[in-house]
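Welcome! Below is a short guided tour for anyone meeting this protein for the first time.

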Amino acid sequence: MASPKHHHSKPPLSSSTTKKKRPLLLRRAMLHSCLCFLLGLLTGIAPSDWAAADDAANAQVFRAVRAINHTAALLQLKTTRYHHQHLEAEQQQDDHQLLVVVTTTTGLSPERERRSAALTRTAHALRLVSPPVLWLVVEAAREAPPTATLLRRTGVVYRHLTYTDNFTSDAWEEGRHRQRNVALGHIEQHRLRGVVFFAGLADVYDLRLLEQLRRIRTLGAWPVATVWEQERRVAIQGPLCSSGGAATASAWFSSSSGAGAGGGLIRFTTTSRPTPPLTSDDSVHGFAFASDLLWDPARWDRFPTTEPDQSQDSIKFVQRLVMEDYNKTKPIPDDSNCSQVMVWRVDTTLLLF
């Protein structure tokens with residue numbers, strides 16, 4: 001008889017074991033709840049933190065923009081100050097620019113007294129001009145000693161230039177042309193940087209002209225009135241400004257009058273042209289120029305037929321430059337709309353300088 005099977009069954013859990021499992025489940029539930037709570041808390045807090053971070057970033061950007069604007073304002077202020085200082089420096093440089101005054105002294109010995117009087121009058125005018133001023137007096141060597149004695153007493157910084165060529169009384173225009181070339185050759189040889197002005201011994205000047213000549217950077221022109229004493233006739237010629245008194249000349253005008261019945265003056269006759277007529281010998285008294293034009297290679301390249309040496313006809317070269325670049329000419333004075341006469345020329349039969 002088979003023996004009965006023995007059934008092995010698990011013994012029931014004791015109460016102590018059940019009590020040990022309950023705290024473990026409770027701790028797990030509490031940990032899970034805490035994690036969920038922390039996750040929810042972080043989820044709720046995160047947007048405000050990000051907004052604060054955005055606000056901080058915006059504030060930082062705003063401060064950077066303000067700093068950039070402030071820096072730009074400082075740079076603009078410094079640039080403006082530099083610009084004003086540069087303009088003031090240029091103005092001071094213009095005020096102290098060398099004024100080279102060229103005077104020719106053509107004439108024969110019987111005119112010595114008149115020439116000495118005219119030289120003295122010109123010297124008194126130049127003494128009223130603020131320095132630096134250099135007076136170039138050109139004369140034939142045979143007539144130089146009396147003039148040299150006179151020049152030493154004028155109180156003006158001068159250079160007495162002489163030449164050995166002889167010209168007859170009928171060739172006085174050719175003599176003045178030669179004297180001007182002697183002066184320009186001296187300026188070029190010694191690189192006298194400044195403004196060159198031809199001052200005739202028969203000229204009377206407005207002192208403002210002599211002071212404002214230093215503002216010329218290339219070319220400058222002004223109205224000139226010529227008076228013929230014997231013919232009782234007067235003529236005025238000079239630059240015409242653009243509308244509104246522009247800083248450059250736009251044309252050239254000539255106006256003249258003659259003696260009418262009873263010795264009175266008739267009405268002026270006025271004509272205009274695009275450029276000044278520089279073919280006459282007296283035309284050089286109506287303009288001045290920067291001396292560096294005489295040795296500027298760019299200028300000479302425009303006229304390849306003329307070589308920049310001591311044998312050149314410098315005065316004709318300058319006259320040609322004036323005609324070529326007349327639209328760049330600066331009127332003197334520049335605030336008068338080219339309407340003020342700055343030089344008076346007294347042309348007589350006895351004094352032809």
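## A buried threonine in helix 2

Let us begin with Thr 122, which is found in helix 2 (residues 112-127). Helices here are DSSP runs of H or I with at least four residues, strands are runs of E with at least two, and both are numbered from the N terminus. Thr 122 counts as buried, at 2% relative accessibility. Buried means under 20% relative accessible area, exposed means over 50%, and partly exposed is in between, with a 1.4 Å probe and protein chains only.

What does Thr 122 touch, leaving aside residues up to four places away in sequence? The partners are Trp 135, Gly 200 and Leu 201. A contact means heavy atoms within 4.5 Å.

## How to read the model

This is a predicted model, in which local features need pLDDT of at least 70 and side-chain atom pairs count only at pLDDT 80 or more, while totals for chains, interfaces and linings use all residues. Residues are numbered from 1 along each chain as its sequence is written, and side-chain values use heavy atoms, with hydrogens and water left out.

The predictor's confidence in each residue, pLDDT, runs from 0 to 100. The protein chain averages a pLDDT of 75, and 66% of the residues score at least 70. Over residues 1-11 the pLDDT is below 50, and this stretch has 0 contacts in the model beyond near neighbours in sequence. Residues 349-353 also have pLDDT below 50, but there the model has 17 contacts beyond near neighbours in sequence.

## Helix 4 and its surroundings

Helix 4 (residues 172-189) has 18 residues. From its first C-alpha to its last, helix 4 reaches 26 Å, close to the 26 Å expected at 1.5 Å a residue; the expected span is 1.5 Å times one less than the number of residues. Just after helix 4, Arg 191 takes a positive phi of about 50 degrees.

Many residues of helix 4 are listed as buried, including Gly 175, Gln 179, Val 182, Leu 184 and Ile 187. What do the buried residues of helix 4 pack against? Their neighbours include strand 1 (99-104), strand 2 (133-140), strand 3 (158-163) and helix 7 (314-324).

## Salt bridges

A salt bridge here is a side-chain nitrogen of Lys or Arg within 4 Å of a carboxyl oxygen of Asp or Glu. By this rule the count comes to 9 salt bridges. In one of them, the side chains of Glu 143 and Arg 115 meet at 3.1 Å, N to O. Glu 143 lies in the loop between strand 2 and helix 3 (144-152) and Arg 115 in helix 2, so this pair ties together parts that are 28 residues apart in sequence. Both Glu 143 and Arg 115 are buried, and they are linked with Glu 139 and Arg 142 in a network of salt bridges.

Another salt bridge joins the side chains of Arg 178 and Asp 165 (2.6 Å, N to O). Because Arg 178 lies in helix 4 and Asp 165 in the loop between strand 3 and helix 4, the pair ties together parts that are 13 residues apart in sequence. Arg 178 is partly exposed, with a relative accessible area of 30%, and Asp 165 is partly exposed at 29%.
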